[in-house]
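Please work through the following exercises with the sequence and the model in view. Each task is followed by a solution that goes step by step.

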Amino acid sequence: MSVRLDELDRKILAELQRDGAQSLDEIATQVCSSKTPVWNRIRKMKESGVIRQQTVLLDAEALGLEACFFVLIRTSEHEKHWQDAFLRALHERPEVMEAHRLAGDIDYILKVRVANARAYDVFYQALISEVKIHNVTALLSMEEIKHTTMLPL
């Protein structure tokens with residue numbers, strides 16, 4: 001369900017995406033408004049779920065998480081108990097940055113951040129010890145060409 005946003009809402013969201021640590025005064029200046037209307041709009045967008053949370057972005061490589069793997073998973077299991085166990089395993093592992101259920105030949109794709117190939121193997125061994133997986137293909141990203149958290153507004 002989408003929420004109706006006007007041009008000012010979109011400008012505020014763009015500023016928050018660019019730098020969520022800005023003060024209300026700074027955001028208001030950037031969007032050519034005053035502080036109170038900006039605060040009210042941000043509050044309403046939080047209440048409606050447009051703004052889910054505010055956080056900081058960390059540099060994975062600076063923290064020693066230099067390897068990014070895209071993990072393609074095929075399963076022959078589609079029962080609820082398997083799916084529950086699989087989802088629980090994914091949610092319990094901080095290495096899993098993203099997980100998507102797909103249409104097509106591959107059932108799931110994961111984005112996994114770890115220090116190196118050895119750390120990936122530890123992750124992999126733990127995952128397959130918890131849930132039965134038919135086929136796993138791990139692709140190592142050689143270079144991140146584009147990464148953004150900013151949604152197009």
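**Exercise 1: the sheet**

S2 and strand S3 (residues 108-114) pair in the antiparallel sense over 5 bridges, where two strands count as paired if DSSP finds at least two bridges between them. Helices (H or I, at least four residues) and strands (E, at least two) are DSSP runs numbered from the N terminus. This is a predicted model, in which local features need pLDDT of at least 70 and side-chain atom pairs count only at pLDDT 80 or more, while totals for chains, interfaces and linings use all residues. Residues are numbered from 1 along each chain as its sequence is written, and side-chain values use heavy atoms, with hydrogens and water left out.

Task: establish the order of the strands in the open sheet, and state which strands stand at the edges.

Solution. Step 1: the open sheet has 4 strands in the order S2-S3-S1-S4, with antiparallel pairing. Step 2: strand S2 (96-101) and strand S4 (135-140) stand at the edges with a single partner strand each, so one side of each is left without a neighbour in the sheet. Step 3: from one strand to the next the twist averages 20 degrees. Step 4: within the pairing of S2 and S3, His-100 stands opposite Ile-109 of S3, and Arg-101 stands opposite Tyr-108 of S3. Step 5: the hairpin of S2 and S3 has 6 residues between the strands, and there Gly-104 takes a positive phi near 110 degrees.

**Exercise 2: helices on the sheet**

Task: find which strands are touched by helix H4 and by helix H5, and how each helix is directed with respect to S3.

Solution. Step 1: return to the pairing of S2 with S3, which is antiparallel over 5 bridges. Step 2: helix H4 (residues 80-91) packs on the sheet and touches strand S1 (67-74), S2 and S3, its direction making about 25 degrees with that of S3; contact means heavy atoms within 4.5 Å, and axes are lines fitted to C-alpha atoms, for helices over the stretch in contact, with angles running from 0 to 180 degrees between N-to-C directions. Step 3: helix H5 (residues 117-130) also packs on the sheet, touching S1, S2, S3 and S4, and its direction makes about 135 degrees with that of S3.

**Exercise 3: the largest nonpolar core**

Task: identify the residues that touch the most other members of the largest nonpolar core, and trace the surroundings of Ile-73.

Solution. Step 1: a nonpolar core is a set of buried Ala, Val, Leu, Ile, Met, Phe, Trp, Tyr and Cys residues joined through side-chain atoms within 4.5 Å, where buried means under 20% relative accessible area, exposed over 50% and partly exposed in between (1.4 Å probe, protein chains only). Step 2: of the 19 residues in the largest such core, Ile-73, Phe-86, Leu-110, Val-112 and Leu-127 touch the most other members. Step 3: S1, H4, S3 and H5 each supply at least two residues of this core, and H4 gives the most, with 5 residues. Step 4: Ile-73 lies in strand S1 and is buried, with a relative accessible area of 0%. Step 5: leaving aside neighbours within four places in sequence, the contacts of Ile-73 include Phe-86, Ile-106, Leu-110, Leu-127 and Val-136; the C-alpha atoms of Ile-73 and Ile-106, 33 residues apart along the chain, are separated by 6.1 Å.

**Exercise 4: aromatic pairs**

Task: classify the ring pair of Phe-69 and Tyr-120, then that of Trp-82 and Tyr-108.

Solution. Step 1: rings of Phe, Tyr and Trp (its six-membered ring) pair if their centres lie within 6.5 Å, and planes under 30 degrees apart count as stacked, over 60 as edge-to-face and the rest as tilted. Step 2: the structure holds 6 aromatic pairs. Step 3: Phe-69 and Tyr-120 are stacked, at 4.4 Å centre to centre and with 25 degrees between the planes. Step 4: this pair links distant parts of the chain, with Phe-69 in strand S1 and Tyr-120 in helix H5, 51 residues apart. Step 5: Phe-69 is buried, with a relative accessible area of 8%, and Tyr-120 is buried, at 9%. Step 6: the rings of Trp-82 and Tyr-108 have their centres 6.1 Å apart and their planes at 45 degrees, so this pair is tilted.
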